[in-house]
Amino acid sequence: MAKLDNRLPHNTPGDFFVDTSCIDCDTCRSLAPAVFGRAPDFQQSFVKHQPSSEDERKQALMALVACPTFAIGTVRKLDVTPGIEAFPSLITDGVYYCGFAAESSFGAASYLIRRPEGNVLVDSPRASKPLLARLRELGGVRTMFLTHRDDVADHAFFRRELGCERVLHRADLSAATRDVEHPIDGDQPVALAPDLLAIPVPGHTPGSMALLHREEFLFSGDHVWYSPGRGRLHASRCVNWYSWDDQVRSLRRLLDFRFRWILPGHGRRYQAPSPEAMRHELARLLSEISA
């Protein structure tokens, strides 16, 4: 739990605070942007504004629950139940954000897709009994799609508890994931179901993959994301662990697919007005990083 003695000096006085265990993963700022900000000199989050409404208070509690290092605390003991019960949080049209981020995946986002043929968990959240219970209420999980080796977190816990089949590219298998039920080979897209297409996008890691759902949602892992500071889609050499050239080629490959949403592991999600507008944004990104 967050320690009051270790709270960061930038915090605005009041109940909520962030302590020195923050890893600057952006989870709290994306969930409660009115409450949490980023201190550039510390490269950590802090409370810039204490919640002043019930909505802001609920968002702050969601951030407290989701924080991967438990860096958010309160001076007084508060009931965090509203934050716990908010997850998974509906984004749109059967797609949810799971919260409960894991430190082992540096706070990466994980998502739930509800579908009649069986729910899909995209990347793994932190092992959490309340989240597990809620996933069961929503129909369980049939498939866990792991976008790449960095964001597998507590995959074994959810496999054991929910019996889901895990999908990961063979190039990203490790000692912790060598027993996944459905390793993907090669560089060609693989249809997992009529509405689910696994697209190899090597670059960030050798076995990075994106998941396309219904020609509407692209779950991109750490391959591409939206940057609020830049106001556009972004990909970075700084967090490329394998091959930047391959990552650029993989980004170019995405021009062949139709979707309106990008839901990344790190960075902010992005919704375009149309697939054509999304393609335009991807082309603009490619022009910038290829120059």
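Select Glu-215 to begin, and the viewer will centre on the loop between strand 14 and strand 15 (217-221), where strands are DSSP runs of E with at least two residues and helices are runs of H or I with at least four, both numbered from the N terminus. Phi of Glu-215 is near 50°, which is a positive value in a residue other than glycine. Glu-215 counts as exposed because its relative accessibility is 52%; the classes are buried for under 20% relative accessible area, exposed for over 50% and partly exposed in between, computed with a 1.4 Å probe and protein chains only.

Before going further, note that this is a predicted model, in which local features need pLDDT of at least 70 and side-chain atom pairs count only at pLDDT 80 or more, while totals for chains, interfaces and linings use all residues. Residues are numbered from 1 along each chain as its sequence is written, and side-chain values use heavy atoms, with hydrogens and water left out.

Next, select Asp-93, in the loop between strand 5 and strand 6 (95-97); Asp-93 is not a glycine, yet its phi is positive, at about 50°. Then select Phe-87 and Pro-88 together, since a cis peptide bond with omega of about -5° joins them. Pro-88 belongs to the loop between helix 3 (81-85) and strand 5 (89-92). As background, most residues other than glycine have a negative phi, and most peptide bonds are trans.

Now go to Pro-206, in the loop between strand 13 (196-200) and strand 14 (209-213). Pro-206 counts as partly exposed because its relative accessibility is 23%. Add Ala-171 to the selection: these two residues are 35 apart along the chain, but their C-alpha atoms are separated by 5.7 Å. Leaving out residues up to four places away in sequence, Pro-206 touches Arg-149, Ala-171, Asp-172 and Tyr-242, where contact means heavy atoms within 4.5 Å.

Move on to Gln-44, which lies in strand 3 (residues 44-47) and is buried, because its relative accessible area is 11%. Beyond the residues up to four places away in sequence, Gln-44 touches several others, among them Leu-8, Cys-22, Asp-24 and Arg-38. A polar atom of the Gln-44 side chain lies 3.1 Å from the backbone oxygen of Thr-20. For a long view across the model, add Arg-134, which is 90 residues from Gln-44 in sequence and 31 Å from it in space, C-alpha to C-alpha.

The last residue to select is Asp-15, in the segment before strand 1 (16-18). Asp-15 is buried because its relative accessible area is 15%. Apart from neighbours within four places in sequence, Asp-15 is in contact with Gln-50, Gly-73, Thr-74, Val-75, Arg-76 and Leu-78.

Finally, clear the selection and look at the whole protein chain, which has seven helices and 19 strands. Taken along the principal axes, its C-alpha atoms fill a box of roughly 55 × 45 × 35 Å. Of the 291 residues of the protein chain, 55% count as buried. Among the contacts with a separation of 6 or more, 55% are between residues 24 or more positions apart.

Notes
Polar contact = N/O pair within 3.5 Å; in protein donor to acceptor, adjacent residues only side chain to side chain.
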